[in-house]
Amino acid sequence: MTVRQLEQIAALREQNYPYSFIGRELTLSPNTVKSICRRKGFRASGSRKTKREKTTAVLCKNCRKPLPADIRSDAVFCCESCRTEWRRNNRKIVRK
């Protein structure tokens, strides 16, 4: 388990996404996510997510954290550093 994955789990759980959604996004078992959340004390806050919110969740393409509400509607990265890091790691995809 990497530090980045723990940060992603914490961010998604804080926004009240269920274990199954987090597991699917991070390619982990929902039971693994549940165990991590309980051990680390990651709690859900706010109201439960509807099915539509779960299926249309907009996550950063690089770090898989939820995008801020004040960001453009067509954005795919949460910040400039995520965009830069993703481009560095995926140079073959970006080049034609």
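Contact, as I shall use the word, means heavy atoms within 4.5 Å. With that in place, Q15 touches S45, K49 and P66, not counting residues up to four places away in sequence.

Before I continue, a word on the basis of this talk. The model is predicted, so local features need pLDDT of at least 70 and side-chain atom pairs count only at pLDDT 80 or more, while totals for chains, interfaces and linings use all residues. Residues are numbered from 1 along each chain as its sequence is written, and side-chain values use heavy atoms, with hydrogens and water left out.

Let me stay with Q15. This residue lies in the loop between α1 and α2; helices here are DSSP runs of H or I with at least four residues, numbered from the N terminus. Is Q15 buried or exposed? Q15 is partly exposed, at a relative accessible area of 34%; buried means under 20%, exposed over 50%, and partly exposed in between, with a 1.4 Å probe and protein chains only. From Q15 to R87 there are 72 residues in sequence and 27 Å in space, C-alpha to C-alpha.

I turn to the helices. Two packed helices are described by the angle between their axes and the distance between the axes. Helix α1, residues 3-14, and helix α3, residues 30-40, have axes that come within 11 Å and cross at roughly 85°. That makes α1 roughly perpendicular to α3, a label that covers 65 to 115 degrees. On the α1 side L6, I9 and R13 take part, and they meet V33, I36, C37 and K40 of α3. Of the residues in this contact, five are nonpolar, none is polar and two are charged.

R13 has a further partner: its charged end sits over the ring of Y19, 4.4 Å from the ring's centre. For Arg, that requires CZ within 6 Å of the ring centre and within 35 degrees of the ring normal.

Helix α2, residues 19-26, has F21, I22, G23 and L26 buried. These buried residues pack against α1, α3 and α4, the last being 51-55. After α2 comes T27, with a positive phi near 50°.

Finally, the aromatic pairs, of which the structure holds two. Rings pair if their centres lie within 6.5 Å; planes under 30 degrees apart count as stacked, over 60 as edge-to-face and the rest as tilted. Y17 and F21 are stacked, because their ring centres are 4.7 Å apart and their planes at 25°. Both residues, Y17 and F21, are buried. The pair of F77 and W86 is tilted, at 5.8 Å centre to centre and 50° between the planes. F77 and W86 are buried as well.

Terms used:
Axes fitted to C-alpha atoms, helices over the stretch in contact; angles between N-to-C directions. Helix = DSSP H or I, 4+ residues; strand = E, 2+ residues; numbered from the N terminus. Parallel < 35°, antiparallel > 145°, perpendicular 65-115°, else oblique. Nonpolar A, V, L, I, M, F, W, Y, C, P; charged D, E, K, R; others polar. Phe/Tyr/Trp six-rings, centres within 6.5 Å; stacked < 30°, edge-to-face > 60°.
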